[in-house]
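Q: I should like to learn how to read strands, disulfides and helix packing from a set of coordinates. May we work through one case together?

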Amino acid sequence: MDRHTGVRGGVVAVALLLAVSGCGGTGSPGDGKPARTPAGTGPSARASTPAPSPSAGDAKPASGDVLPGMVGAAVARTQLAALTTGKPGTMAGYSRDKFTHWAEQGNKCDTRETVLKRDGADVTQDSECRAVSGSWKSLYDGVAVNEASKLDIDHMVPLAEAWRSGASGWDAAKRKAFANDLTRPQLLAVSAASNRSKGDQSPDLWQPPDKASWCQYGRAWTTVKSRYGLTVTDAERAMLTTMIDTCAS
């Protein structure tokens, strides 16, 4: 069963919530991202990257970071310099259904529930792996959350943004791995409001309101794009540089 929200089976409630928040049919409850049509229409440059191996569901963030698989600022700068520059591709052919999520991770847990457990404190789960209590702090806006149903699982590099920057040329297995990657800094439990404000925008168009998160955000975005061979625009690269430059030396 595909569980996108903290309450299993709330299809009608989710549909009403999305309608009120203005999310289109390409969005998905659980991360709430409507796809946008970019101003650029040129094809994305494609970087050839082998499909990643299945993610380990017990990956833990390194000390000082809230996301797993993070690299230091110096490595992130090297990764960023090596990324291919390209114009945003079109949304032609895009569908969230082409990125299978949330995948089962074992013990009745899917990717969403695994991230909720990983990112929270004192999280308890019921027999179906649903988070029934716990506390979380949203990285993007610093908001404290005590109900799992008020959290979205953000794709650091949104699925639609990935599509425009190279994922349109991937096979289904690689898209699934990308949408459920628990070993790299691609998935994060954040407040629904901050996630839906972000939508599918790149860093030059949206930045976390809490600037204290910019160092992690810039490193995480760069690491994910580097791992998956996705392209960046000139404006995106400039903002990522600004974000990484907020890291303490």
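A: Certainly; please keep in mind that this is a predicted model. We may begin with a single pairing: Ile153 has Ala189 in strand 7 as its bridge partner.

Q: In which sense do strand 6 and strand 7 pair, and over how many bridges?

A: Strand 6 and strand 7, the latter spanning residues 187–191, run in the antiparallel sense and are paired over 5 bridges.

Q: Which way do the residues of strand 6 point, and are they buried or exposed?

A: In a regular strand, side chains alternate between the two faces of the sheet. Here Leu151, Ile153 and His155 point one way, while Asp152 and Asp154 point the other way. Residues on both sides are buried, and strand 6 (residues 151–155) is accordingly described as mostly covered, with 5 of its 5 residues buried.

Q: How many disulfides does a search of the whole structure find?

A: The search finds 2 disulfides. Counting bonded cysteines along the chain, their pattern is 1-2, 3-4.

Q: What parts of the chain does the link of Cys109 and Cys129 tie together?

A: The sulfur atoms of Cys109 and Cys129 are joined at 1.8 Å, and the link is right-handed, with 95° about the S-S bond. Cys109 belongs to strand 2 and Cys129 to the loop between strand 3 and strand 4, so the disulfide ties together parts that are 20 residues apart in sequence. Because buried means under 20% relative accessible area, Cys109 counts as buried at 14%, and Cys129 is buried at 3%.

Q: Why is the disulfide of Cys215 and Cys247 assigned its handedness?

A: The torsion about its S-S bond is about 105°, so this disulfide is right-handed. The sulfur atoms of Cys215 and Cys247 are 2.0 Å apart. Cys215 lies in helix 7 (residues 214–228) and Cys247 in the segment after helix 8 (234–244), so the pair connects parts 32 residues apart in sequence. Both Cys215 and Cys247 are buried.

Q: How should the packing of helix 7 and helix 8 be read?

A: Two packed helices are described by the angle between their axes and the distance between the axes. For helix 7 and helix 8, the axes come within 7 Å and cross at roughly 135°; the two helices are therefore oblique to each other. The crossing is left-handed.

Q: Which residues make the contact?

A: On helix 7 they include Trp214, Cys215, Tyr217 and Trp221. On helix 8, Met239, Leu240 and Ile244 are among them. Cys215 thus appears twice in this account: in the helix contact and in a disulfide.

Technical notes
Residues are numbered from 1 along each chain as its sequence is written. This is a predicted model: local features need pLDDT of at least 70, side-chain atom pairs count only at pLDDT 80 or more; totals for chains, interfaces and linings use all residues. Side-chain values use heavy atoms; hydrogens and water are left out. Buried means under 20% relative accessible area, exposed over 50%, partly exposed in between (1.4 Å probe, protein chains only). Helices (H or I, at least four residues) and strands (E, at least two) are DSSP runs, numbered from the N terminus. Two strands pair if DSSP finds at least two bridges between them. A disulfide is a pair of cysteine sulfur atoms within 2.5 Å. Axes are lines fitted to C-alpha atoms, for helices over the stretch in contact, and angles run from 0 to 180 degrees between N-to-C directions. Angles under 35 degrees count as roughly parallel, over 145 as roughly antiparallel, 65 to 115 as roughly perpendicular and the rest as oblique. A crossing is left-handed if the near helix is turned anticlockwise from the far one by less than a right angle, and right-handed if clockwise. Contact means heavy atoms within 4.5 Å.
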